[in-house]
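User: Hi! Could you walk me through this protein? I'm new to reading structures.
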Amino acid sequence: MTENAYAKINLSLDVVRRRDDGYHDVNMIMQSLELHDTVHAEFTDGGIEVTCDSGAVPNGEGNIAYRAARLMIDKCGADCGVRIHIEKRIPVCAGLAGGSTDGAAVIRAMNGLLGADFDAETLESIAAKVGSDVPFCINGGTALAFGTGTDIKKLPPFGNHIVLLVKPPIDVPTPWVYKNLNLGAIVHPDIDGFISALSRGDADAALATSGNVLESVTASKYPIIEKIKSEMTNRGAKFAMMSGSGPTVFGIFEKTTDAENAARFFKKSFDEVIVTKTV
């Protein structure tokens with residue numbers, strides 16, 4: 001089985017509260033991108049083998065794909081092994097769900113290989129045990145992720161918008177970002193307003209309500225993020241924001257030529273610059 005594993009951006013991201021268990025309740029507008037990894041899975045006589053063509057990604061048990069395969073085999077009570085290989089295109093540690101989407105692709109592939117035929121709700125419940133972004137990545141598209149991020153509600157599509165991704169050469173640990181988030185000092189984005197505008201088919205009005213509260217932590221420590229956002233809007237982006245906990249900044253453009261011209265500018269300073277679109 002071969003599955004595409006699509007990257008995601010957060011069109012809006014709000015943190016509602018810190019829970020007693022140490023996690024956070026969130027409201028996030030999640031959006032899939034055309035940019036994707038490719039995940040191959042095939043039966044073997046025994047054991048789970050995970051390899052990747054990127055040296056930045058761990059092989060074996062250290063890869064989220066391994067945990068996803070283990071859960072599916074255990075769920076089905078199967079007596080088999082699986083070999084998984086990941087062709088990596090999504091930047092690593094970028095706020096684009098690169099690992100989570102690979103895990104979701106493995107769950108979908110194993111659902112077919114094992115003949116389990118689990119429905120979407122069952123697959124999402126399995127995915128929630130792998131990671132908080134994995135349930136969204138099972139089906140992707142445009143969706144609201146709420147609770148701890150594992151509860152998913154499909155939304156009207158925000159497809160076919162041109163997106164430029166720029167990842168500066170820094171790694172941002174997500175737990176550190178949440179630990180340093182001051183919930184009493186942030187401005188919460190209007191998630192309900194975003195959904196309402198999206199339901200009317202007014203993408204510009206939806207983006208006008210958008211925000212990412214995690215920028216208050218990541219962009220404060222790394223000023224390059226605000227600089228990239230500013231440069232994007234100067235070069236034609238109608239909207240620019242950090243995705244997830246960062247550090248990747250995405251810009252939404254009306255014209256592909258403007259996005260490509262901006263990409264050429266950013267490639268003078270950054271290695272990971274990608275033009276893609278929402279799907």
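**Salt bridges and a pocket**

Analyst: Happy to! Asp-74 and Arg-70 both sit in helix H1, four residues apart, which is about one turn of the helix. Their side chains meet in a salt bridge, 3.3 Å from N to O. Keep in mind that this is a predicted model.

User: Cool. How many salt bridges does the structure hold?

Analyst: The structure holds 18 salt bridges. One of the links is between Glu-272 and Lys-167, with their closest N and O atoms 3.7 Å apart. That pair links distant parts of the chain: Glu-272 is in strand S10, Lys-167 is in strand S7, and they are 105 residues apart.

User: And is Lys-167 buried or exposed?

Analyst: Lys-167 is buried, because its relative accessible area is 7%, under the 20% cut-off. Glu-272, at 30%, counts as partly exposed.

User: Switching topic: what volume does the largest pocket have?

Analyst: About 1,200 Å³. It is lined by 44 residues, and those closest to its centre are Ser-100, Ser-132, Asp-133, Thr-174 and Ser-245. By class, the lining has 20 nonpolar, 18 polar and six charged residues.

User: Which helix gives the most to that lining?

Analyst: That's H2, with four residues.

User: Let's go back to Ser-245. Where does it lie?

Analyst: Ser-245 lies in the loop between strands S8 and S9. It counts as buried, at 7% relative accessibility.

User: Which side chain does Ser-245 join in a polar contact?

Analyst: The side chain of Thr-174, at 2.9 Å. Beyond its neighbours within four places in sequence, Ser-245 is also in contact with residues including Val-172 and Leu-214.

How values were computed:
Residues are numbered from 1 along each chain as its sequence is written. This is a predicted model: local features need pLDDT of at least 70, side-chain atom pairs count only at pLDDT 80 or more; totals for chains, interfaces and linings use all residues. Side-chain values use heavy atoms; hydrogens and water are left out. Helices (H or I, at least four residues) and strands (E, at least two) are DSSP runs, numbered from the N terminus. Buried means under 20% relative accessible area, exposed over 50%, partly exposed in between (1.4 Å probe, protein chains only). A polar contact is a pair of N or O atoms within 3.5 Å; within protein, one must be able to donate a hydrogen and the other to accept it, and residues adjacent in sequence count only if both atoms are side-chain atoms. Contact means heavy atoms within 4.5 Å. On a 1 Å grid over the protein atoms alone, a cavity is a set of points where a 1.4 Å probe fits but cannot get out, and a pocket is an open set with protein on both sides within 12 Å along at least five of seven lines; lining residues have an atom within 4 Å of a point. Grid points are joined across faces, edges and corners, and a volume is the space filled by probe spheres set on the points. Ala, Val, Leu, Ile, Met, Phe, Trp, Tyr, Cys and Pro count as nonpolar, Asp, Glu, Lys and Arg as charged, and the others, Gly among them, as polar. A salt bridge is a side-chain nitrogen of Lys or Arg within 4 Å of a carboxyl oxygen of Asp or Glu.
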